[in-house]
Amino acid sequence: DQQGQARVQLAGAMAREDLRRFMEDAVTDARGIAERQTFQRLLSSRNSQLLDPFLRRACTSDAIASCAVFQGSTLVAQAGVELPWSQIEIAAAEQGERFMAVPTTGDYAVLGGSATFGPKDGARLFVVRLLDDRLSAVLSERVGLQVRLINYRRFVESREVNEFTRLHSAGLSDGRSAVMRIADPAVYAASFPVFAATGEAIALLEARLPTKEIDTATGSLIR
């Protein structure tokens, strides 16, 4: 059991660190777009027919699901996946240029980065990435075990009670992580709560390892 638990705990820790790196990447992406003279020129024209196609090209990629431009607290342009940008902007204002948010609408939490620009840095560009199945697959490939990202708000609203909810509750109580061997399905599982810089719970990162992989290896050593 110790080997299986150690493997899922390490995988979960690596995946959570990757989320931090993705926020750093989002800041870099936001700065790169905001610094383009073409972007600033199109924004100053206040012509959405010119700006929108640029944003759609710049803000739609494997690493960016959506972006938005604010001047003060006013949303002036957006592209990509439709999101409740007013909620995200408030969360980002509390956290700084690297942020996470769990909107009240939609299925997924988000992580992102922002960059200020313009006179007196009065405008801000936000780029975000969804904590969705696609990102879960990316993390799974990077750490070598299955990883799931669970919207914390949806977790709280769910009335389902099983071994996984007990695992995640234990991780939240610990504040760092929890690990268990779960009989059905037969897996070692680790839960890592993901918090914003403000301390708000955003998501639950779950790593899984089938017990048969450890049981088979142990059996081979015994033989």
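1. The crossing of helices α2 and α3 is left-handed. This is a predicted model. Helix α2 covers residues 37–45, and its axis lies 8 Å from that of α3, at an angle of about 145°. On the α2 side, the contact is made by Thr38, Phe39, Leu42, Leu43 and Ser45. On the α3 side, Leu50, Leu51, Phe54 and Leu55 take part. By class, that gives seven nonpolar residues, two polar and no charged ones.

2. Helix α3 also meets strands. Residues 48–58 form this helix, which lies across β1 and β2. Its direction runs at about 50° to β2.

3. Now the sheet that holds those two strands. Five strands form an open sheet in the order β2-β1-β5-β4-β3. The pairing is antiparallel. At the edges are β2 (74–80) and β3 (98–101), each pairing on one side only. From one strand to the next, the twist averages 25°.

4. One pairing in this sheet can be followed by residue. Strand β1 (residues 66–71) is joined to β2 by six bridges, and the two run antiparallel. Within this pair, Ala68 of β1 stands opposite Gln78 in β2. Helix α4 (residues 85–95) packs on the sheet as well. It touches β1, β2, β3, β4 (110–117) and β5 (123–130). The direction of α4 makes about 135° with that of β3.

5. A second sheet follows. It is open, has four strands, and runs in the order β6-β9-β8-β7. Pairing is antiparallel here. The edge strands are β6 (146–151) and β7, and each of them pairs on one side only. The twist averages 25° from one strand to the next.

6. Two pairings of the four-strand sheet deserve a look. Strand β6 is joined to β9 (residues 201–210) by six bridges, in the antiparallel sense. Arg148 has Glu206 of β9 as its bridge partner. Strands β7 (residues 178–182) and β8 (residues 187–195) pair antiparallel over five bridges. Ala178 stands opposite Ser191 in β8. The β7 and β8 strands form a hairpin, with four residues between them.

7. Back to helices. Helix α1 spans residues 2–34 and helix α5 spans residues 133–143. Their axes come within 10 Å and cross at roughly 125°. How should the pair be classed? The two helices are oblique to each other, because an angle between 115 and 145 degrees falls outside the perpendicular and antiparallel ranges. The crossing of α1 and α5 is right-handed.

8. Which residues make the contact of α1 and α5? From α1 come Ala11, Met14, Ala15, Asp18, Leu19 and Phe22. From α5 come Leu135, Val138, Leu139, Arg142 and Val143. The classes are nine nonpolar, no polar and two charged.

9. Asp18 and Arg142 are both in that contact list. Their side chains meet in a salt bridge, at 3.0 Å from N to O. The pair links distant parts of the chain: Asp18 sits in α1, Arg142 sits in α5, and 124 residues separate them. How many salt bridges does a search of the whole structure find? The total is 13.

Conventions: Residues numbered from 1 in each chain as written. Predicted model: local features only at pLDDT ≥ 70, side-chain atom pairs only at ≥ 80, totals over all residues. Heavy atoms only, no water. Axes fitted to C-alpha atoms, helices over the stretch in contact; angles between N-to-C directions. Parallel < 35°, antiparallel > 145°, perpendicular 65-115°, else oblique. Left-handed = near helix turned anticlockwise from the far one by under 90°. Contact = heavy atoms within 4.5 Å. Nonpolar A, V, L, I, M, F, W, Y, C, P; charged D, E, K, R; others polar. Pairing = 2+ DSSP bridges. Salt bridge = Lys/Arg side-chain N within 4 Å of Asp/Glu carboxyl O.
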